[in-house]
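Please open the model in a viewer and keep the sequence panel visible. The tour below proceeds by selection, one region at a time.

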Amino acid sequence: MNRYKFFILSLTLICVASLSAKDYYATDYYATDFGVIADGKTLNTNSIQKGIDFVNKLGGGRLVFTAGNYLTGSIYLKSNVTLHLEEGATLLGSTNPWDYEKDSYIHWMSMIFAVKQQNIGITGKGTINGRGFQTANNMVDYIQRGIYEDPLKLGRPNETNRPQNIYFRECENVTIKDITLRDPASWNQTYDQCKNLYIDGIHVDSKSYWNNDGIDVVDCDGVVLKNSFLDAADDALCFKSHDANSMCQNVVVENCVGRSSASGLKFGTVSRGGFRNFKVKNIKIYDTYRSAITFAAVDGALIENIEVDGVRSIHTGNVIYLRIGDRWSAGKKPVMKNITIKNVYAEIPMDKPDAGYNYEGPIEDLPRNISPASIVGLPEYKIQNVTLQNIEIVSPGGGNPYYAYRGLTPAELDSIPEMATSYPEFSQFKELPAWGFYIRHAEGIIFDNVTFKALKKDYRPAIVMDDAGKVTFKDVRFVEPESEGKKQIFPYKSKALK
C-alpha cells in the first residue's frame with residue numbers, strides 16, 4: 001500500500017512541476033523576430049535554432065509560431081524553452097534527408113531533438129508534419145545511388161536513418177500538450193530515459209510509412225499520458241526498455257484512443273530492463289491488426305505491478321497477449337507478475353481488422369482459425385499472478401477442423417512449439433486448441449466475472465491450460481451455439497484448479 005501511495009504522490013508532483021515550469025517561463029518571443037519565414041519554402045533550420053538559443057540564454061520562455069508553414073530540418077530544444085505552435089502553425093519537415101542530423105549520442109535522426117535538457121515543452125493547437133513518405137523515399141533513392149550507406153532491408157532504410165518528428169533523451173520536466181503530430185519518416189515521437197513527462201491532448205496521425213509508431217516511451221520515470229488520440233501504422237501506445245539497467249516506471253495512461261496496424265497498448269518488443277508501476281485507465285483500441293493489449297518480456301525484462309482498468313477493444317485481431325520469451329536476454333531472468341486487467345469489452349472479427357489502412361499488417365496467404373487471448377510463459381520462466389476481472393470477449397468462433405486442426409491429445413498439445421527466441425505476437429503459434437483463452441507455463445491466474453461468447457460453433461473448447469497452476473475460475477460463463485454439454489475448460493499438465 002505504501003508503494004502505491006508513493007506512486008500517486010509522485011504523479012501529482014509531476015503535474016505540479018509541469019504546470020509550474022510552464023507558468024514560470026511565460027515570456028513570449030516570436031519566431032518571425034529571428035528571421036523565420038512562414039512560406040513553406042524557405043529552410044528555417046538555422047533561424048529557428050538561433051531563436052531557441054536566444055530564449056535559452058535569456059533564462060527561458062516560449063518561442064511562438066503564428067499561423068503559417070515553417071520548413072525546417074533538425075533543431076535542438078534547450079532548457080527552459082517551449083515551442084508554442086498557435087492554431088494554423090505547422091512545423092514542416094524538409095523532404096531532403098540531408099537536412100536532418102543523425103545525433104552522435106542518440107544515433108537516430110529527428111526533426112526536433114532535446115538531449116539532457118530541463119523544463120522543455122511543445123504546446124499549442126498547431127502541427128508538426130514530418131512529410132515522411134517523401135523524405136523516406138528520397139532516402140531510398142540516395143541509398144540506391146550509393147550516396148548514403150544503408151542495408152535497405154525489406155526495401156526500406158533502417159529506422160535510425162529516417163527522421164522522427166521528436167526524439168528527447170534524458171530530459172527532465174517535459175510537457176507536450178494539444179499539438180498534432182503527423183507523417184514521420186520513422187517512429188513518430190520518442191521519449192528516452194526522461195523524468196517527469198506530461199503529455200495531454202495530442203492528436204497523432206502516424207501512418208505515412210513503415211515503422212510509424214504513435215508514441216514510444218523508453219525507460220522513462222514518471223509519465224502522464226492522457227486525453228490523446230493515436231492512429232499509427234505500427235504500435236500505437238508503445239512502452240519500451242532499451243537499457244538493461246533502466247526501468248520504464250511510474251506511468252499513468254488515461255482516456256486515450258488508439259488504432260494500429262500492429263498493437264494497441266504494448267510493452268516491448270525491446271524489453272531489456274523492464275516495466276513497473278503502471279496504471280492504464282479508460283482506453284479504446286479499434287481496427288487494430290494485432291493485440292489490443294500486449295506485454296512482452298522477451299529480452300530479460302521485469303514486468304510487475306501493472307493495472308489496466310477499462311478497455312474497449314473493437315475490431316482487433318486479439319485482445320490480450322502476455323508473453324515471456326528469451327530472445328536477447330543475455331543471461332537475465334525474465335519476470336512477469338502481479339498484473340490486473342479488468343473492465344474490458346472486446347469484439348474480435350473474422351476478417352482482417354486493419355484492411356484498407358496505409359501500411360496495414362501482413363496479409364496471410366492461407367486463412368487460420370482465430371487465435372485466442374493468451375498468457376504464455378516458458379517452462380523455466382512462468383508468468384505469475386494475473387487477475388482478469390469483469391471481462392467480456394466476443395469471438396467469431398467457427399473454427400474449422402477440416403482445414404486447420406489442433407486437437408487435445410498429449411502429442412498434439414506437446415507439439416505446440418515454445419518459440420522462446422521468436423518475435424512475440426499472438427499468432428506466432430499458428431493454430432491453438434482454444435477459441436477463448438490459452439494459458440501455458442503460468443501460475444496464479446484468476447478469472448473473475450468473465451464471459452466468453454462465440455458467435456458460431458467452434459470445435460475447440462473455450463479455455464485450454466498447459467502447465468498451469470493455481471488457476472481460479474469465479475463466475476465464468478461460456479456462450480456458444482450448439483454447445484450444450486460441451487466441456488469448455490480443458491486442463492493439461494495443470495493442477496490446483498478452483
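**Strand S28 and its partners**

Select S28 and strand S29 (residues 463-479), which pair in the parallel sense over 14 bridges. Strands here are DSSP runs of E with at least two residues, helices are runs of H or I with at least four residues, and both are numbered from the N terminus. Two strands pair if DSSP finds at least two bridges between them.

This is a predicted model, in which local features need pLDDT of at least 70 and side-chain atom pairs count only at pLDDT 80 or more, while totals for chains, interfaces and linings use all residues. Residues are numbered from 1 along each chain as its sequence is written, and side-chain values use heavy atoms, with hydrogens and water left out.

Within the pairing of S28 and S29, display Phe-452, which stands opposite Phe-478 in S29. Next, add strand S27 (residues 383-397), which runs parallel to S28 and is joined to S28 by 12 bridges. Here Gly-397 stands opposite Lys-456 in S28. Finally, add strand S26 (residues 373-376), which pairs with S28 in the parallel sense over four bridges. In this pairing, Ser-374 faces Tyr-438 of S28 as its opposite residue.

How many of the 20 residues of S28 are buried? Strand S28 (residues 437-456) is mostly covered, with 14 of its 20 residues buried. Buried means under 20% relative accessible area, exposed means over 50%, and partly exposed lies in between (1.4 Å probe, protein chains only).

**Aromatic rings**

Now show the side chains of Phe-437 and Phe-447. The structure holds 23 aromatic pairs. The ring centres of Phe-437 and Phe-447 are 5.3 Å apart and their planes stand at 90°, so this pair is edge-to-face. Rings of Phe, Tyr and Trp (its six-membered ring) pair if their centres lie within 6.5 Å; planes under 30 degrees apart count as stacked, over 60 as edge-to-face and the rest as tilted. Phe-437 is buried, with a relative accessible area of 2%, and Phe-447 is buried as well, at 0%.

Then select Phe-239, Phe-267, Phe-275, Phe-278 and Phe-295, which form one aromatic cluster.

**The second largest cavity**

Three cavities of 30 Å³ or more are counted. A cavity is a set of points, on a 1 Å grid over the protein atoms alone, where a 1.4 Å probe fits but cannot get out; its lining residues have an atom within 4 Å of a point. Grid points are joined across faces, edges and corners, and a volume is the space filled by probe spheres set on the points.

The second largest cavity has a volume of about 50 Å³. To locate it, select residues of its lining, including Gly-317, Ile-348, Pro-372, Ile-393 and Trp-435. Strand S24 (302-324) and S27 each supply at least two residues of this lining, and S24 gives the largest share, three residues. By class, the lining has seven nonpolar, five polar and no charged residues. Ala, Val, Leu, Ile, Met, Phe, Trp, Tyr, Cys and Pro count as nonpolar, Asp, Glu, Lys and Arg as charged, and the others, Gly among them, as polar.

**Strand S17**

Move to strand S17 (residues 215-218). Ile-215 and Val-217 point one way from S17, Asp-216 and Val-218 point the other way, and all are buried. Strand S14 (residues 189-192) pairs with S17 in the parallel sense over three bridges, and Tyr-191 stands opposite Val-217. S17 also pairs in the parallel sense with strand S20 (residues 237-241), over four bridges; there Val-218 stands opposite Lys-240.

**Cysteines**

Show Cys-194, Cys-220 and Cys-248. A disulfide is a pair of cysteine sulfur atoms within 2.5 Å, and the count comes to zero disulfides. Cys-194 is in no disulfide, as the nearest cysteine sulfur, that of Cys-220, is 4.6 Å away. Cys-194 counts as buried, at 1% relative accessibility. The sulfur of Cys-248 is 5.7 Å from the closest cysteine sulfur, in Cys-220, and is therefore too far for a bond. Cys-248 is buried too, at 0%.

**Backbone details**

Most residues other than glycine have a negative phi, and most peptide bonds are trans. Select Gly-268 and Thr-269, which are joined by a cis peptide bond with omega of about 15°. Thr-269 is found in strand S22 (residues 265-271).

The last stop is the loop between helix H3 (132-144) and strand S11 (163-169), where Leu-152 lies. Phi of Leu-152 has a positive value, near 50°. Leu-154 lies in the loop between H3 and S11, and its phi is positive, near 60°. Is Leu-154 buried or exposed? Leu-154 is exposed, with a relative accessible area of 69%.

How values were computed
1 Å grid on protein atoms, 1.4 Å probe; cavity = no way out; pocket = protein on both sides within 12 Å on 5 of 7 lines; lining within 4 Å.
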